[in-house]
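Let's take a walk through this structure together, one piece at a time. Have a look at the view below, and then we can begin.

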Amino acid sequence: MKLKLILFAAFVLFGTQLALAQVKTKAKPANAETTQTIRQHRVVYDLVSADSARQGKIMQHLEKMINHWPEAKLEVVVHGSGLEMLMINKAANAGELKALQAKGVVFAACENAMRAHNVKKEQLLPGVITVPMGVVEIIEKQEEGYSYIKL
């Protein structure tokens with residue numbers, strides 16, 4: 001009986017060592033060292049500020065972000081008093097906004113906020129999209145894996 005127990009223990013120890021050795025020496029694919037993992041960075045920004053100086057800083061931040069990660073998906077959801085940033089006759093940084101749009105940054109105006117502030121779609125800068133509810137857009141983006149930044 002003792003012999004069986006000793007043989008069983010030796011078998012378990014040897015088997016465990018063999019299994020661990022296989023894990024450690026698992027072969028790498030031929031191109032493992034040359035393949036580079038590229039992650040798709042996705043960020044949704046929540047913007048409500050009507051302060052044009054702050055909006056200018058936000059534009060600089062977005063520019064730096066898109067220059068650092070050229071393939072990033074960036075969306076700025078604008079609601080509340082921040083809507084002025086997207087309006088034809090009130091946008092202090094329209095040129096910067098247009099340049100960021102050309103690089104793929106999406107600017108979205110909240111339709112609820114537009115109604116509350118009596119803003120029509122025709123008053124928005126070209127290329128600005130609208131979403132029914134800004135908060136819902138932000139939640140859905142987060143559910144899709146977007147990082148969240150409050151501005």
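A good place to start is Asp51, which caps the N-terminal end of helix α2: one of its side-chain oxygens lies 3.2 Å from the backbone nitrogen of Ala53. Keep in mind that you are looking at a predicted model. From that cap, follow helix α2 through residues 52-68; its 17 residues reach 24 Å from the first C-alpha to the last, close to the 24 Å expected at 1.5 Å a residue.

Which residues of α2 are buried? They are Gln55, Gly56, Ile58, Met59, Leu62, Met65 and Ile66. Their cover includes β1 (42-47), β2, α3 and β3.

Now turn to strand β3, residues 106-110, where four of the five residues are buried. On one side, β3 runs parallel to strand β2 (residues 73-78), and four bridges join the two. Strand β3 also pairs in the parallel sense with strand β4 (residues 129-131), this time over three bridges. Ala109 is a handy landmark here: this β3 residue stands opposite Val78, and Ala109 also stands opposite Thr130 in β4.

Next, trace how the chain travels between these strands. β2, helix α3 (residues 94-102) and β3 make a right-handed β-α-β unit. β3, helix α4 (residues 111-116) and β4 make a right-handed β-α-β unit as well.

Finally, a word on confidence. The chain averages a pLDDT of 83, with 75% of the residues scoring at least 70. Over residues 7-28, however, the pLDDT is below 50, and this stretch has zero contacts in the model beyond near neighbours in sequence.

Methods:
Residues are numbered from 1 along each chain as its sequence is written. This is a predicted model: local features need pLDDT of at least 70, side-chain atom pairs count only at pLDDT 80 or more; totals for chains, interfaces and linings use all residues. Side-chain values use heavy atoms; hydrogens and water are left out. Buried means under 20% relative accessible area, exposed over 50%, partly exposed in between (1.4 Å probe, protein chains only). Two strands pair if DSSP finds at least two bridges between them. A crossover is right-handed if, with the strands pointing away from the viewer, the path from the first strand over the helix to the second runs clockwise. pLDDT is the predictor's confidence in each residue, from 0 to 100. Contact means heavy atoms within 4.5 Å. The expected span of a helix is 1.5 Å times one less than its number of residues. A polar contact is a pair of N or O atoms within 3.5 Å; within protein, one must be able to donate a hydrogen and the other to accept it, and residues adjacent in sequence count only if both atoms are side-chain atoms.
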